[in-house]
Amino acid sequence: MPACPRPGWAIAVLSALALAACERPAAPAAATPADCLARAAADPPVLPWTSLHARELTGAPLDASGRACVSGVLGTRTFAVPQAYDASHAPVQTFHGEDAGLRLGAPAFEHGQLVRLETAAERGIWLLRIDSGGKIEGGRYDLLFTTGTDGRLRDTLLIGADGTRYRRDANLLRADRFAVIEQTGLDEAQGPTYAAAFTIGPDGRIALDPSGSAELRAALPATTAGADASDAADEEPEFAQSIEEIDGAPGDLAAIRRALFADGSVVEASVAAAGAHAVLALGSSGIAGFVLSVLEPTDAQPTTGRTVYRIASVTIPGPSRALGATAGAIGWEPAGHGALITLPIDYAFERPGDAERTGRPESEILTRVLRVRYADGQLHRAGH
């Protein structure tokens, strides 16, 4: 029968084991699924970025290991479209019916670029650019996605895409605050327009931000494609009010057209009724300028057959290097005792480089969304 060790020996052995455990380095923390994203991604950009979809990103395309990393994080998750976070996008999505159900395996993924917008202990914000090689629609996708504290995928939003009947673009004010602008239509048939702001919470969740006026009032970049820095600054919109008597009954659109666009200095773009009594009139001037007016009959009408209107207008100068501009559908949303008006404008600029060699169009489009508030017969900047 073996002899039992003495108590003093056992205490010495246990003490030595405990000391060794204290001196041994701690095991490294387990890698999270998003750790490889940080290694594969390009450095964060200097924000803000406007018209993201038209920008060329810096940084090398993802290599095989980078593509495998992104595929592992995204899996087979469908890319969310704005409708997932904002019900008002539904009519726009229904109109063009494209990009629903899109996932990583659907577009070609040979030329992906990954940008790290923000990484913190609580969340990661990432931008994936997929150039699929398509010549017209489906050639480029911009996917914003987030990861949580565990490094796993949290939310996605397809913020940039182009299809047969739509074009979606984004303005990034900060990594966690951005706007999505979408225009639809085919050839001369204008479809609905969408513009909304979004925010990303501390937990990485994407949500609609109804108060995001700064994102939707995004200005054009300090220097646009092909423009010198000294010649790129925009003039500010100019607001004005006046009283004018016009032939015709209140709301007579033909009479308003004749009065506003008779001299030809401003060419009619659209005239339509808005709200209970107001009329919205949009005219174009010069190469890329616009004038937006709201006309509302005054309470007293002294002359039969004529109408006295309060006219509030805003003149929107075009950028000096713009080749042209196209205005989207005007949004009119009642707010308090007035209304919020949104007007998306696509400005075309010359794209540097050889269009035949690159296969890209000769011009690129930068989008600005004008947001103004109408109240008491006057137009104001939204938020003022």
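## Asp176, tucked into a loop

Let's start with Asp176 in this predicted model. Asp176 sits in the loop between strand E5 (166-174) and strand E6 (177-186). Is Asp176 buried or exposed? Its relative accessibility is 14%, so Asp176 counts as buried; the cut-off for that label is under 20%.

Who does Asp176 touch, once residues up to four places away in sequence are set aside? The list is Arg123, Ile125, Phe198, Thr199 and Ile200.

## The chain as a whole

Now step back to the full chain. Its secondary structure comes to seven helices and 18 strands. Of its 384 residues, 45% count as buried. If you take the contacts with a separation of 6 or more, 57% of them are between residues 24 or more positions apart.

How confident is the predictor? The average pLDDT of the chain is 79, and 79% of the residues score at least 70. Two stretches score poorly, though. Over residues 1-30 the pLDDT stays under 50, and the model gives this stretch zero contacts beyond four places in sequence. Residues 217-233 also have a pLDDT below 50, but here the model does show 35 contacts beyond near neighbours in sequence. Where pLDDT is low, don't read the predicted coordinates in detail.

## Helix H3 and its two sides

Helix H3 covers residues 64-74, and its buried residues are Gly66, Cys69, Val70, Val73 and Leu74. Looking down the axis of H3, you find these buried residues within an arc of 120°, so they line one face of the helix. Here's a handy bit of background: an α-helix has 3.6 residues a turn, so residues three or four places apart point the same way. On the other side of H3, Ala64, Ser65, Ala68 and Gly72 are exposed.

What covers the buried residues of H3? The cover includes helix H2 (35-40) along with strands E1 (112-119), E2 (124-131), E3 (140-147) and E4 (153-162). Right after H3 comes Gly75, with a positive phi near 60°.

## Strand E3, covered on both faces

One of the strands covering H3 is E3, and E3 is mostly covered itself: eight of its eight residues are buried. Which residues belong to each face of E3? Arg140, Asp142, Leu144 and Thr146 are on one side, while Tyr141, Leu143, Phe145 and Thr147 are on the other, and all of them are buried.

E3 also has strand partners. Eight bridges join it to E2, with the two strands running antiparallel; in this pairing, Asp131 has Arg140 of E3 as its bridge partner. E3 and E4 are antiparallel too, joined by seven bridges, and Leu143 stands opposite Leu158 in E4. The hairpin of E3 and E4 has five residues between the strands, and there Gly151 takes a positive phi near 80°.

## A sheet of five strands

Further along the chain is an open sheet of five strands, in the order E9-E13-E12-E11-E10, with antiparallel pairing. Strands E9 (238-247) and E10 (267-274) are at the edges; each has a single partner strand, so one side of each is left without a neighbour in the sheet. Ignoring direction, neighbouring strands here are turned by 20° against each other on average.

Inside this sheet, E11 (residues 278-285) and E12 (residues 289-297) run antiparallel and are joined by seven bridges. Gly283 stands opposite Val291 in E12. Helix H6 (residues 253-260) packs on the sheet and touches E9, E10, E11, E12 and E13, its direction making about 145° with that of E10.

## Thr307 meets Pro297

Zoom in on Thr307, which belongs to strand E13 (residues 306-316). Its relative accessibility is 0%, so Thr307 counts as buried. A polar atom of the Thr307 side chain lies 2.7 Å from the backbone oxygen of Gly248. Beyond its neighbours within four places in sequence, Thr307 is in contact with several residues, including Glu244, Glu245, Ile246 and Pro297.

Pro297 is in strand E12 and is buried as well, with a relative accessible area of 16%. Leaving out neighbours within four places in sequence, Pro297 contacts Pro250, His277, Thr307, Val308, Tyr309 and Arg310. How far apart are Pro297 and Glu245? They are 52 residues apart in sequence and 9.4 Å apart in space, going from C-alpha to C-alpha.

Definitions and conventions. Residues numbered from 1 in each chain as written. Heavy atoms only, no water. pLDDT = per-residue confidence, 0-100. Contact = heavy atoms within 4.5 Å. Helix = DSSP H or I, 4+ residues; strand = E, 2+ residues; numbered from the N terminus. Buried < 20%, exposed > 50% of the residue type's maximum accessible area, 1.4 Å probe, protein only. Polar contact = N/O pair within 3.5 Å; in protein donor to acceptor, adjacent residues only side chain to side chain. Pairing = 2+ DSSP bridges. Axes fitted to C-alpha atoms, helices over the stretch in contact; angles between N-to-C directions. Arc of directions from axis to C-beta.
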